[in-house]
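Trainee: I have a model to read. Can you take me through the terms as we go?
Mentor: Yes. Ask how each label is earned.

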Amino acid sequence: MSTPSRAHAARYAALVRLLMRHGRPDLVSGAGLDEFMVDEDLPTGDTDKALQLADDLEAMGPTYVKLGQLLSTRFDLLPPAYTTALTRLQDSVQPFPFDEVREIVEAELGASLRHLFDSFEETPVAAASLGQVHRARTRAGREVVVKVQRPGIRETVRDDMEVLEKLANLADSHTGAGRRFGFARLLAQFRRSLAGELDYTREARNLERFRELTADYEHLVVPEPLRDLSTSKVLTMEYLEGRKVTEVGPLGLLDIDARPLVEELFACYLRMILDAGVLHADPHPGNLLLTPDGRVALLDLGMVATVPPRIQTQVVKLLLAISDGDGEETAVVLASMGHPLPGYDAAQFREDVSHLVSSSVELGGDLQAGSVLVELSRLSGVHGLRPPAEMAMIGKALLNLDQATLHLDPTFSPAEAIRDNASSILRGGLSVSPGGIMAAAIEAKEFTAQLPRRANRILDALADGELTVRVNAIDEERLLTVLQRLANRLTMGLVLAAIVVGAALMMQVPTRSTILGYPAIAMVFFLLAALGGGTLVVWIVGTDRRIARQARRDRVERG
């Protein structure tokens with residue numbers, strides 16, 4: 001066996017062990033792996049087993065750590081204990097040697113390290129599974145940090161994704177859970193996110209975009225990327241000194257005026273999500289630094305998701321409905337956003353959503369929009385409504401934002417901040433881009449130009465009695481095929497019954513030709529009836545199985 005084959009076999013074995021330890025029984029046995037390897041000790045949502053899953057993902061490498069971080073936002077798929085445990089996933093690893101760092105930087109930037117930087121610290125300030133960060137100073141004397149991608153990480157991730165995709169396709173084709181949740185589709189979303197994080201030029205663009213979005217906020221700052229010292233594997237950016245927001249103690253908070261910080265931070269996040277349509281896909285308070293000059297720095301923008309305009313508008317409606325305590329409207333908006341699965345109970349869903357919203361509104365100033373959105377995502381999953389992935393990410397982002405702002409200023413009210421920013425939220429939901437206005441104008445022009453001609457055609461057809469209305473209520477071709485098959489079976493059954501009855505009557509006719517003491521002609525007809533009956537049974541069973549297999553394939557393709 002070749003080395004790549006052994007590596008793939010080892011990855012398959014490790015993933016199967018993970019599924020056996022933490023997965024549902026049908027996820028492994030139903031996927032055609034090994035129906036005899038069913039572990040009876042399955043997770044029930046308790047904290048210990050959730051933490052064990054997080055530990056196992058960490059041990060399996062960077063791809064699975066990132067997968068766990070993404071799953072921590074899918075409150076509609078996993079129990080609370082699991083989403084909480086996966087949120088704390090860390091991908092810290094041993095740093096790779098500085099000689100490899102030097103080799104990568106020089107190969108990517110096309111010059112020796114001493115010509116590129118005035119100084120370059122050999123010991124990294126942080127090391128993770130995808131890369132590590134070094135302090136440096138440019139030839140112009142500017143303090144920077146250089147993010148260097150770990151050698152061979154792209155090949156590792158590509159091999160892991162190949163294994164995951166094959167198993168996801170197996171699960172979707174052979175398990176109820178796969179057909180219900182669509183693992184291949186979830187994995188495609190994860191693949192796009194991870195590919196973006198491995199492209200440092202995309203992160204540089206994200207930094208520039210977020211710098212533009214925070215330019216109007218005095219107390220917010222985003223490090224500036226240095227494009228001439230950055231490639232897809234090396235990212236050089238401005239060094240910002242500071243402490244993680246969550247590490248600032250009560251005494252440290254006394255030295256700063258926290259209220260302007262949290263107000264601008266919350267308003268900026270709302271604008272980014274609901275107006276600009278961009279969202280930090282890996283949000284946690286550790287990515288926020290409090291600088292010595294009293295500003296909040298936004299860091300680690302490798303994973304940035306796009307929020308489509310339709311989702312922006314729906315989230316605006318959700319936030320407004322929640323703030324008004326309108327549970328019915330909240331349920332209606334959620335149902336329009338999500339995809340109903342088999343077993344979805346709309347009435348019970350509305351009732352539970354109304355109760356959740358009412359309970360949340362009773363909190364008054366303590367209402368946290370992020371917590372409510374997270375619980376709504378979880379409630380949707382419980383009732384068989386699959387919400388868009390962006391909604392869970394928005395809820396997670398706002399939840400972490402609530403934690404950061406309340407740490408800086410315990411008196412801050414997220415609910416009041418949403419109401420104070422209601423006008424900007426509405427502008428974000430109602431705004432139309434120039435391209436959208438142009439597209440709408442073109443459609444209106446085409447509609448206006450074609451309306452008279454189409455109206456004349458309809459009126460002429462109506463006057464001539466030729467107007468027809470076609471309604472595709474059922475699949476007529478399929479119905480006729482089923483009826484024809486049913487008629488053929490009934491006809492064959494009647495013919496066989498007639499042969500049996502005729503043979504029975506002929507048993508009473510005297511004749512010299514006998515078989516086993518019975519009239520030969522009657523025995524021949526009985527034999528023909530038996531052969532015909534057996535052939536009919538085989539034909540019916542074979543046809544039904546073929547139709548069932550085709551129906552399963554059609555459901556998988558539609559899903």
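Trainee: Which residue in strand 3 is the bridge partner of Ser119?
Mentor: Arg137 is the partner. Note that the model is predicted, with local features needing pLDDT of at least 70, side-chain atom pairs pLDDT 80 or more, and totals for chains, interfaces and linings using all residues. Residues are numbered from 1 along each chain as its sequence is written, and side-chain values use heavy atoms, without hydrogens and water.

Trainee: What makes strand 1 and strand 3 a pair?
Mentor: Two strands pair if DSSP finds at least two bridges between them. Strand 1 (residues 117-120) and strand 3 (residues 131-138) have three bridges, so they pair. They run antiparallel. A strand here is a DSSP run of E, at least two residues; a helix is a run of H or I, at least four; both are numbered from the N terminus.

Trainee: How do you know that strand 2 pairs with strand 3?
Mentor: Two bridges join strand 2 (residues 126-127) to strand 3. The cut-off is met, so they pair. Ala127 has Gln132 as its bridge partner. A hairpin of three residues links these strands.

Trainee: How many bridges join strand 3 and strand 4?
Mentor: Seven, in the antiparallel sense. His134 stands opposite Val146 in strand 4. Four residues lie between the strands in their hairpin, where Gly141 takes a positive phi near 90°.

Trainee: Why is Asp99 called exposed?
Mentor: Exposed means over 50% relative accessible area, buried under 20%, partly exposed in between (1.4 Å probe, protein chains only). Asp99 has 59%, so the label fits. Asp99 is in helix 6 (residues 98-109).
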